[in-house]
Amino acid sequence: MLTALYVPANRPERFAKAVASGPDLVVFDLEDAVPVDDKAQARGWAIAWIAAFTGSTAIEVRVNAPGTPWIEDDLAALGAVPGVRVRLPKVESADDIRAVLEQVPTARITALIESPLGLERAFEIATADKRVVAISLGEADLSSSLGVDGAEGLGWARGRLVSASRAAGLGAPMMSVHPTVNDEEGLRRSCLEGRALGFVGRTAIHPRQLPVIVECFTPSAIEVAEAAALLAAVEKAGYAEGGVLVLPDGRMVDPAMLGRAREIVDLMHQIED
């Protein structure tokens, strides 16, 4: 999964368009994008549309944060949607995860970490329950809480999230949104920075951002060819993992190199499918 796209839940005319724009995941936003007076109606529109949806695009709902006046109604409505993906904002503990699962037991949760406390507990949150499928940063709130600006200020937090996600067995996380819709070069630069840190994919706030995200996180033809060639050479040599193998062309191969090669090939297969 390389791309996710937010759509405000109070804009039902955009729901089908969001799906048609081709992201791997569409996130119906009940939180920041929806004014207080519109939250109840937006919730109803989103749940009705999701319940009737028969397509193959993955759907997720960002509910309001724990402790807000709207979270209970959000969860009560989502309880009627079996297997729903819930994007839970402002998670600060494993208890926040468990509280949601008590009300929506079939939910699969993406936990948004948006505070220093949440960041310190990232691994605890990621391993709170097997129904946590991903963790991600809410970078706007986190930047404000940390008193930092830009990629340099967030570098440590981003690396910490990647490590926690990997350690929890959730794989590489997706990046948070790039908030400037028309800044294509800034988006590209930021995606490449994130890729270098270990992120795979990104959430978007507008369909026009999706092609740049796909471009930046798709392995190059050279990377895929080299990874496939390495795996083929290892298979031909009959190598069992453990120790170091020297290939006929002189390359030394260890298990870590094989793991990275498999990830590249697997990711490319996912993209092509």
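**Entry 1. Ser-145**

I began with Ser-145, which touches Glu-114 and Pro-116, not counting residues up to four places away in sequence; contact here means heavy atoms within 4.5 Å. I note that this is a predicted model, in which local features need pLDDT of at least 70, side-chain atom pairs count only at pLDDT 80 or more, and totals for chains, interfaces and linings use all residues. Residues are numbered from 1 along each chain as its sequence is written, and side-chain values use heavy atoms, with hydrogens and water left out.

I located Ser-145 in helix H7 (residues 139-146). Helices (H or I, at least four residues) and strands (E, at least two) are DSSP runs, numbered from the N terminus. I recorded Ser-145 as partly exposed because its relative accessible area is 45%. For this term, buried means under 20% relative accessible area, exposed over 50%, and partly exposed in between (1.4 Å probe, protein chains only). I also looked up Asp-74, 71 residues from Ser-145 along the chain, and found their C-alpha atoms separated by 26 Å.

**Entry 2. Val-214**

I placed Val-214 in helix H10 (residues 210-217). Val-214 counts as partly exposed because its relative accessibility is 32%. Apart from neighbours within four places in sequence, Val-214 is in contact with Leu-2 and Thr-3. Leu-2 is 212 residues from Val-214 in sequence, yet the C-alpha to C-alpha distance is 6.4 Å.

**Entry 3. Strand E1**

I turned next to the strand that contains Thr-3, E1 (residues 3-8). In E1, 6 of the 6 residues are buried, so the strand is largely enclosed by the rest of the structure. I checked the side-chain directions: Thr-3, Leu-5 and Val-7 point one way, Ala-4, Tyr-6 and Pro-8 the other.

I then examined the pairing of E1, where two strands pair if DSSP finds at least two bridges between them. E1 runs parallel to strand E2 (residues 25-29), joined by 5 bridges, and the partner of Ala-4 in E2 is Leu-25. E1 also pairs in the parallel sense with strand E7 (residues 202-204), over 3 bridges; there Leu-5 has Ala-204 as its bridge partner.

**Entry 4. Thr-110 and strand E4**

I found Thr-110 in strand E5 (residues 108-113). Thr-110 counts as buried because its relative accessibility is 2%. Leaving aside neighbours within four places in sequence, I list its contacts as Glu-60, Arg-85, Val-86, Arg-87, Leu-88, Val-133 and Ala-134.

I followed these contacts to strand E4 (residues 85-88), from which Arg-85 and Arg-87 point one way and Val-86 and Leu-88 the other, all of them buried. Strand E3 (residues 58-62) pairs with E4 in the parallel sense over 3 bridges. In E4, Arg-87 is the bridge partner of Arg-62.

**Entry 5. The whole chain**

I counted 12 helices and 9 strands in the protein chain. Of its 273 residues, 44% are buried. For contacts with a separation of 6 or more, I noted that 62% join residues 24 or more positions apart.

The C-alpha atoms fill a box of roughly 70 × 40 × 35 Å along the principal axes. The radius of gyration is 20 Å, which agrees with the value near 19 Å for a compact globule of 273 residues; the radius is taken over C-alpha atoms, and the globule rule is 2.2 Å times the number of residues to the power 0.38.
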